[in-house]
Amino acid sequence: MSRWLLRRRNALLSICSTSNGYANESNPGRLTSPPPIQVGFTESAGRGVFATRRIGAGELIHTAKPILSHPSLSSLHSVCYFCLRNLQREASNVLFCSDECREQSKIFYMTEEQADWSGFHEYCRTQGLKYPLLVKRLACMIISGVATPETLDILQPAMLSSEMILLVSTSG
C-alpha cells in the first residue's frame, strides 16, 4: 500500500474513532458506528472506495444494484445474462437465472439482439478486453430507453486534474 493511501486510511480511521456516530434509521435516538466505506480520490488511480473502520470477515458493507453489468465472454454461457449469478448448467444460448432477470433485461436485450456482435465479441476476446462489453450494454440501454446518457454522470470525476484539463482543452 502506498504511503499516501496508508496516511489517507489512518486519517479516515482517526476521524471515525472520534466521531459520535450516526443515527440509526430504525431508532433515531440510538447512535451507531459510521458507514464502513467511503468513496474518495487517489492521486494516482482516481476514484476509489476506502474503509472508514475495521471491517470484520463476512461483514456486509454495502448493497446496491449496479448501473450496468455484462458477463465476460468466457462466462457468457455459465452466468445469468442480467445479474451475473452463476447458473447450474452451461448452455449454448443466453440464459437468465429467473423470470425477473429476463423481464428486467427484456427491452435492452431486444436492442442487443438486433445487431450481429460476433465480430465485436471476437475482437474483445482476442484482445482480452472487457470494458467494451460494458460500453455495448450501456449503448443498448440508452438506445432502448432503459437508461439515459446522464447515467454516465456518476462516472465523471468531481475534480479534474491539471492533466485532464489540458487534455480536454486541447482536444476540443
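Let me start with one residue, Cys83, which is partly exposed at a relative accessible area of 32%, where buried means under 20% relative accessible area, exposed means over 50% and partly exposed lies in between, computed with a 1.4 Å probe on protein chains only. Before I go on, please keep in mind that this is a predicted model, in which local features need pLDDT of at least 70 and side-chain atom pairs count only at pLDDT 80 or more, while totals for chains, interfaces and linings use all residues. Residues are numbered from 1 along each chain as its sequence is written, and side-chain values use heavy atoms, with hydrogens and water left out.

So how many disulfides does the structure hold? The number is zero, if we take a disulfide to be a pair of cysteine sulfur atoms within 2.5 Å. Cys83 is in no disulfide, and the nearest cysteine sulfur to it belongs to Cys97, 3.6 Å away. For Cys101, which is likewise in no disulfide, the nearest cysteine sulfur is that of Cys97, at 3.7 Å. Cys101 is buried, with a relative accessible area of 8%.

Cys101 also brings us to the largest nonpolar core, which has 11 residues, among them Cys101, Leu76, Tyr81, Phe96 and Leu133. A nonpolar core here is a set of buried Ala, Val, Leu, Ile, Met, Phe, Trp, Tyr and Cys residues joined through side-chain atoms within 4.5 Å. If we leave aside residues up to four places away in sequence, Leu76 touches His70, Pro71 and Tyr81, a contact being heavy atoms within 4.5 Å.

Let me turn now to the strands. Strand E3, residues 37-42, and strand E4, residues 46-51, pair in the antiparallel sense over six bridges; strands pair if DSSP finds at least two bridges between them, and the elements themselves are DSSP runs numbered from the N terminus, with helices (H or I) of at least four residues and strands (E) of at least two. A hairpin of three residues joins E3 to E4. Along this pairing, Thr42 stands opposite Gly46 in E4, and Gln38 has Phe50 of E4 as its bridge partner. Ala51 is also in strand E4, and although Ala51 and Ile37 are 14 residues apart in sequence, their C-alpha atoms are 4.5 Å apart in space. Ala51 counts as partly exposed, at 29% relative accessibility.

My last topic is charge pairs. The count comes to five salt bridges, with a salt bridge defined as a side-chain nitrogen of Lys or Arg within 4 Å of a carboxyl oxygen of Asp or Glu. One of them joins the side chains of Arg53 and Glu59, at 2.9 Å from N to O, and Glu59 is partly exposed at 31% relative accessibility.

Which residues are linked with Glu112 in a network of salt bridges? They are Lys136 and Arg137. The side chains of Glu112 and Lys136 meet at 4.0 Å, N to O, and this pair links distant parts of the chain, since Glu112 lies in helix H2 (residues 99-113) and Lys136 in helix H4 (residues 131-144), 24 residues apart. Glu112 is buried, with a relative accessible area of 3%, and Lys136 counts as buried too, at 4%. The side chains of Arg137 and Glu112 meet in a salt bridge of 2.5 Å, N to O. Because Arg137 lies in helix H4 and Glu112 in helix H2, this pair ties together parts that are 25 residues apart in sequence. Arg137, like Glu112, is buried.
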